[in-house]
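Got a few minutes to poke at a ligand site? Let's ask how each label is earned.

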Amino acid sequence: MNKPGYFGQWGGAFIPEVLYETFKELREIFEKAQQDPAFWQEYANLMSSYSCRPTPLTHAENLSRHFGGAQIYIKREDLNHTGAHKANNVMGQGLLVKKMGKKRVIAETGAGQHGVATATMAAKFGFDCTIYMGEEDVHRQRPNVFWMEKLGATVVPVTTGSKTLKDAINEAFRDWVANMDTTHYVMGTVCGPHPFPAMVAWFQSIIGLEAREQIMTAFGRMPSRVYACVGGGSNAMGIFQGFLDDGEVELIGVEAGGKGINTGQHAARLASKDASPGVAQGYKTMFLQDNDGQMLDTHSVAAGLDYIGVSPLLTDLWEKGRVRFEAATDQEVMAALDLTIKKEGIIPALESTHAFVQAFKEAGSLPADQAIIINQSGRGDKDIFTIAHAFNDPSWKEFIRSKGEEYAS
Amino acid sequence: MLLNEKIKAARAKKDILLMTHLVIGYPSLDDNRKTIKQMVENGVDIIELQIPFSEPMADGPMIIKANQEAIAKGIKVRQCLDFAAEMTSTYDIPFLFMTYYNILYKYGVAEFLAKAKEIGITGFIVPDLPPEEGAEYLGLTHELGLFPIQIFAPTSSDGRMKTLAGHGGGFIYCVARRGVTGSRTNFDQSFDDYLARCRKATDLPLAVGFGISCKDDVDILTGKADIAVIGTATIKLVEEKGVEAVGSFIAGLR
Ligand SMILES: Cc1ncc(COP(=O)(O)O)c(C=O)c1O
């Protein structure tokens, strides 16, 4: 039997003593919610009235024709309220916070999507909200910083360590160990100490439940392959859970290949050979770390994938051979993004586009009577600065220049 | 003699013991050397050597900075072990390792503990390793005659304190308040109630740390705790006034 909170040999709860009672309360409230069908109903109702659930499954006919292979379907988490799958987890945890009677929420964010979702939930439920965000990410995801602040959240730029997602998680924990009596930490992905991985996976399973039903309706049978990008792993676990028991459905997690998997400048924990088992940020998984156990600097064009660790659930599924891991480079991502925009009129987030890259590499080699699903975890609007810069867009540059002059005068 | 017995014997002569803390490699090994010399010469009873980790989740800004800069300057775990060996062979007081679990885990828990034993380390403080996750660590430390210092927090229930004490040895590290290292602690009635709960839960000596920075703080703890822990204060002092300031600071605490 597995120890509670473990998935195979991965996971656990490596927490400081000061949070022991907080985690006990959280485990209890989560277990109670899981056993209460009315809770899931309340959650599903909220997600269909406040957000756009069920999100559509779109048949990407032009892309399918373009690659001349499998029928490509896209699960549209970009149409969720706030523009990404992050809202699923956040609204679920928000309901738990109400039950616990806490009045303040904090969160880490990388791409800013989890931060925006948390700030939105806090606005709706009347909570105070503080978001920790690595200074590097504050710069590269500026539109989301603006919206978080407009939604009433305090955004704290984190200047320690590599100034990215892992450092934002550390700072959120530092806040929590001081304020746990009033505050809940809304962990944004299927990582961290138990019960977070199980809890976030549960809320995100709504993606897979819908996708399974939708592909049966649209296509009449199971897809051959399901692709999802993997930062911490929440959108991937969300959609994969709909197909885990169907052995014939191959599940593919796509990590950030950054500047290339052999350059050291990437965030490929399971698709590269650079990671090793470790314990950090409260859980055991494969980390990108050196021989002493110091975490390495990671790189990705996508802030949401730029992270040292990966969900213990996914590491277990990888070890058992149930999920295959691949990596997409920054450059491949820009090309796939351009193609998707032009062919389908859909703008995926840079994170999500990693899944598109791998699907595009494989679609042509599959017969036309098979289907594949790409989980589009979010929309690309937040990436406008990064994308415009990568495409070296002349009219955008001109616009920024003139805005700069306007504000300077 | 067991660490707890040593502490009790020392307490027969002193009203309160002092435990100080430093981050190995910050500002430099040479500064660490000089700092420790002054600490020992001015009567420090126990020293906590922190092996730097890139993700010091339980620490505040000063110690985060010390961890980061030590790593940035290239300090390796192997050098930390060598440095500790040098200190234990130079000074006749107990030295503890404080670090995060990944440092042990990556080295190999059994190998790390055996090495620590070999170089004369007395015990460990590992803030992110609760007993539920530490079966191997707890088993091996006890087997090797090393002391896995357990931590109490103000949020720990009476029952939880008893459980923790049952796994511990040497002394109990009582975290004085919620939060991370470095900021001030209010020694109010609720702190006294907390310490009384700690005292009831175990016969092991009690150390109190987090936010203890001056003689007034140490005076408040005298009679209530066995050991006062000075962490951030000396690191800050070295940073602001240099290692030369450490001796008189320590001498002035009691
Ligand atoms: C749109 C989008 N996709 C994916 C991710 C990666 O997170 P996860 O792997 O938990 O889904 C993020 C994280 O910020 C995101 O914003």
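**Ligand contacts and cavity**

Q: What makes the pair between the ligand and the side chain of His85(A) a polar contact?
A: In this predicted model, an oxygen atom of the ligand sits 2.9 Å from an N or O atom in the His85(A) side chain. The cut-off is 3.5 Å for a pair of N or O atoms, so this pair counts.

Q: How do you know that Gly232(A) and Ser377(A) make polar contacts too?
A: Use that 3.5 Å cut-off again. A polar backbone atom of Gly232(A) is 3.1 Å from a ligand oxygen, and a side-chain N or O atom of Ser377(A) is 2.6 Å from a ligand nitrogen. Both pairs therefore qualify as polar contacts.

Q: How much of the ligand does the protein bury?
A: On its own the ligand exposes 390 Å², and 98% of that is buried by the protein.

Q: Why is the ligand said to lie between domain 1 and domain 2 of chain A?
A: Because both domain 1 (8-48 + 85-196) and domain 2 (52-83 + 206-389) give residues to the shell around it.

Q: Which residues come nearest to the ligand, and what classes make up the shell?
A: Thr189(A), Gly231(A), Gly233(A), Ser234(A) and Ser377(A) come nearest, out of 18 around the ligand. By class, the shell has five nonpolar, eleven polar and two charged residues.

Q: Which cavity does the ligand take up?
A: The ligand takes the space of the largest cavity, which holds about 290 Å³. Among the 27 residues lining that cavity, His85(A) is one of the closest to its centre.

Conventions
Residues are numbered from 1 along each chain as its sequence is written. Chains are lettered from A and ligands numbered from 1 in the order in which they are written. This is a predicted model: local features need pLDDT of at least 70, side-chain atom pairs count only at pLDDT 80 or more; totals for chains, interfaces and linings use all residues. Side-chain values use heavy atoms; hydrogens and water are left out. A residue is near a molecule or strand if one of its heavy atoms lies within 4 Å of it. A polar contact is a pair of N or O atoms within 3.5 Å; within protein, one must be able to donate a hydrogen and the other to accept it, and residues adjacent in sequence count only if both atoms are side-chain atoms. Accessible areas come from the Shrake-Rupley method with a 1.4 Å probe; for residues, only the protein chains shown count as cover. On a 1 Å grid over the protein atoms alone, a cavity is a set of points where a 1.4 Å probe fits but cannot get out, and a pocket is an open set with protein on both sides within 12 Å along at least five of seven lines; lining residues have an atom within 4 Å of a point. A molecule sits in a cavity or pocket if more than half of its atoms lie within 2 Å of its grid points. Ala, Val, Leu, Ile, Met, Phe, Trp, Tyr, Cys and Pro count as nonpolar, Asp, Glu, Lys and Arg as charged, and the others, Gly among them, as polar. Domain bounds come from an automatic or database domain assignment. Grid points are joined across faces, edges and corners, and a volume is the space filled by probe spheres set on the points.
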